[in-house]
Amino acid sequence: MARPIRVVIVDDSALMREMLKDILTNEPGIEVAGVARDAAEARQVIKVANPDVVTLDVEMPGMDGLSFLEKIMTLRPTPVIMISSLTREGSDAAIRALELGAVDCLAKPGGSDGKGFEETARELVTKIRVAATARLSMRRPPTAPATLPAPR
């Protein structure tokens, strides 16, 4: 039997953390390795749990999810699925998340996209299974452009 896909859930909403945990706990082959309510807590949970996939909200207290995503991809590349009311397909937040290295994005259930909870749950499980197969490489932090020496 294959090792389960280990997932860390990062969301500031206790209700959303519980909903995501319930969806994933009942799914064969997926294990919730940890949950966190903000980037600071997530950093510790990810360090200890060493997950295969991270689900990450955009709007959180302290460091927002996009800034945290950029740090993850620079320091510890891990497949990340952004889950937020701001990450509807084609949204600025979704495009930015993909640019920063997110594997995929998903709008939270009950959003304006009309998707119900069951459909979102199925989509999440599918996206996690695909994300777990992603092979990521270290992203270099942006460097300052090289400057030429001043003419003499």
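User: Where is the place of Thr78 in this structure?

Analyst: In this predicted model, Thr78 lies in the loop between H3 and S4.

User: Is Thr78 buried or exposed?

Analyst: A residue counts as buried under 20% relative accessible area. Thr78 has a relative accessible area of 6%, and therefore it is buried.

User: Which backbone oxygen does the side chain of Thr78 reach?

Analyst: The side chain of Thr78 reaches the backbone oxygen of Arg76, at 2.8 Å. Another polar contact is found at the start of H3, where a side-chain oxygen of Asp64 comes to within 2.9 Å of the backbone nitrogen of Leu66.

User: How should one read the packing of helix H3 and helix H4?

Analyst: Two packed helices are described by the angle between their axes and the distance between the axes. Here the axes of H3 (residues 65–75) and H4 (residues 92–100) come within 9 Å and cross at roughly 15°. Angles under 35 degrees count as roughly parallel, so H3 is roughly parallel to H4. The crossing is right-handed.

User: Which residues make the contact of H3 with H4?

Analyst: H3 contributes Leu66, Leu69, Glu70 and Met73, while H4 contributes Ala93, Arg96, Ala97 and Leu100. By class, six residues of this contact are nonpolar, none is polar and two are charged. As a general guide, an α-helix has 3.6 residues a turn, so residues three or four places apart point the same way.

User: What do the buried residues of H3 pack against?

Analyst: The buried residues of H3 are Gly65, Leu66, Phe68, Leu69, Ile72, Met73 and Thr74. They pack against helix H2 (39–49), strand S3 (53–56), strand S4 (80–84) and H4.

How values were computed. Residues are numbered from 1 along each chain as its sequence is written. This is a predicted model: local features need pLDDT of at least 70, side-chain atom pairs count only at pLDDT 80 or more; totals for chains, interfaces and linings use all residues. Side-chain values use heavy atoms; hydrogens and water are left out. Axes are lines fitted to C-alpha atoms, for helices over the stretch in contact, and angles run from 0 to 180 degrees between N-to-C directions. Helices (H or I, at least four residues) and strands (E, at least two) are DSSP runs, numbered from the N terminus. Angles under 35 degrees count as roughly parallel, over 145 as roughly antiparallel, 65 to 115 as roughly perpendicular and the rest as oblique. A crossing is left-handed if the near helix is turned anticlockwise from the far one by less than a right angle, and right-handed if clockwise. Contact means heavy atoms within 4.5 Å. Ala, Val, Leu, Ile, Met, Phe, Trp, Tyr, Cys and Pro count as nonpolar, Asp, Glu, Lys and Arg as charged, and the others, Gly among them, as polar. Buried means under 20% relative accessible area, exposed over 50%, partly exposed in between (1.4 Å probe, protein chains only). A polar contact is a pair of N or O atoms within 3.5 Å; within protein, one must be able to donate a hydrogen and the other to accept it, and residues adjacent in sequence count only if both atoms are side-chain atoms.
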